[in-house]
Amino acid sequence: MIETQAAVLTALNEPLELTTIRVDDPEPHEVRLKVTNVGLCHSDLHYMTGSVPTGIPAVLGHEVAGVVEAVGSAVTSLQPGDRVTGALTPSCGRCSYCEAGHSTQCVRLDEVRERKRPGFETVDGQAIERLGSIGAFSQHVLMRENALVKLPDDVPLHVGCLLSCCIVTGVGAVFRGAEVRPGSTVAVIGCGGVGSAIIQGARLAGASAIVAIDLDEDRLKAARGYGATHVINAGEGDTVEELHRLLGDGVDYAFEAVGSARTAQTAFALLRPTGTACLVGIAPMGTEIPVPAMDFWYQEKRLIGSYMGSGQAREDIAQFARLYQQGRLLLDEMVTRVIPFAEINEGFEHMLSGDVTRIVVDLQS
Ligand SMILES: NC(=O)c1ccc[n+]([C@@H]2O[C@H](COP(=O)([O-])OP(=O)(O)OC[C@H]3O[C@@H](n4cnc5c(N)ncnc54)[C@H](O)[C@@H]3O)[C@@H](O)[C@H]2O)c1
Ligand SMILES: [Zn+2]
Ligand SMILES: [Zn+2]
């Protein structure tokens, strides 16, 4: 067991508390990681505000990169000093979903994540929840060997962390989830970290039009840099009418990367007949989404969802890292600012302001 510094959620809607916690020794299939960088994802904020429930105290944070510090007795593919990022959906590799390539739906996830002792504890011995069994707002974390991917030397850790959540989620939603075809038309509602990754995925897929939709002009400007061919400010006028004015039709694919019933309905309404709406944003627990039934049978529209890129995160992350090396996937541009660990609460405030794609925390400064 070691002691380390972590930002702990002790009450909803309150700042995270920087404090000392205890980190258990790695179990046989785990490694202990010295966390260098974590991206601030809107999902962390959902737990901080209670729109998605968590036990308390909790250490949030999941968009993680770092260096392996210690390995469990059964670990074979990693060793101390390896630079890694997270493949956040650990899986058993043997259930029917894993065998079919849908490891995000592994039925043995709870079993895979089970530990004999809590991974994190307060200094007086109280167990601390870890978001996604990670808890990356901590200078050290425990992760399973199969929930990590080695990063090539020329992928810096402060951009490599994006691969583990927003990139694999967004680009994966395009290729694995919706299976966007070359030449098709795409709309993306919400141009934060995840939406920007979806825009880049659509560009890589060869979409002939990519319409970025947001409430914020700075985000829309950045979206053009990621590959958007058109932009719509959803705060000005009717988004569906504006899209039809721009393209002369609805889109083949509409992605929702905000997390609300209203934007999900808009995504569905933006489709042309036979189009697919893909929900990626996480709406508050219990949200229901009324959509016109007639659009399904009469217009043959589809409504799907995508979780963490719908695929094999380890394989996908390694491929996306190669696209970064080739200059085809822009990651440096997505890191708006790297902030010291002590400023993590201010980082969440920046996340909600306009001129940001991703805020990344440097845990070791
Ligand atoms: N499905 C998954 O696996 C998965 C993974 C990661 C994140 N998420 C979810 O995706 C969503 C986006 O995450 P993020 O980190 O990119 O968030 P973010 O805060 O970086 O970006 C959200 C964007 O939506 C815009 N927005 C807000 N309301 C809008 C509206 N009514 N119309 C148009 N745009 C609007 C904001 O201006 C911002 O640009 C969150 O709900 C997050 O929890 C899902
Ligand atoms: Zn995330
Ligand atoms: Zn499985």
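Before the sheet, one term: I count two strands as paired if DSSP finds at least two bridges between them. Also noted: this is a predicted model.

**Entry 1, the sheet.** I traced an open sheet of six strands, and the pairing is parallel. The order I wrote down is S13-S12-S11-S14-S15-S16. Which strands are at the edges? They are S13 (230-233) and S16 (302-305), each of which pairs on one side only. I then checked the twist: neighbouring strands are turned by 20 degrees against each other on average, ignoring direction.

**Entry 2, S12 and S13.** I looked up how S12 (residues 209-214) sits with S13, and found parallel pairing over four bridges. Across this pair, Ile-213 stands opposite Ile-232 in S13. Next I asked which strands H6 touches. H6 packs on the sheet against S12 and S13, and its direction makes about 170 degrees with that of S13.

**Entry 3, H5 and H6.** H6 (residues 217-226) also packs with H5 (residues 193-204), so I looked there too. I have their axes 9 Å apart, at an angle of about 30 degrees. Angles under 35 degrees count as roughly parallel, and H5 and H6 are therefore roughly parallel to each other. What is the hand of the crossing, left or right? H5 passes H6 in a right-handed crossing.

**Entry 4, who meets whom.** From H5 I listed Ser-196, Ile-199 and Gln-200; they meet Ala-222, Ala-223 and Tyr-226 in H6. Sorted by class, this contact has four nonpolar and two polar residues, and no charged ones.

Notes
Residues are numbered from 1 along each chain as its sequence is written. Chains are lettered from A and ligands numbered from 1 in the order in which they are written. This is a predicted model: local features need pLDDT of at least 70, side-chain atom pairs count only at pLDDT 80 or more; totals for chains, interfaces and linings use all residues. Axes are lines fitted to C-alpha atoms, for helices over the stretch in contact, and angles run from 0 to 180 degrees between N-to-C directions. Angles under 35 degrees count as roughly parallel, over 145 as roughly antiparallel, 65 to 115 as roughly perpendicular and the rest as oblique. A crossing is left-handed if the near helix is turned anticlockwise from the far one by less than a right angle, and right-handed if clockwise. Two residues are in contact if their C-beta atoms, placed from the backbone, lie within 7 Å. Ala, Val, Leu, Ile, Met, Phe, Trp, Tyr, Cys and Pro count as nonpolar, Asp, Glu, Lys and Arg as charged, and the others, Gly among them, as polar.
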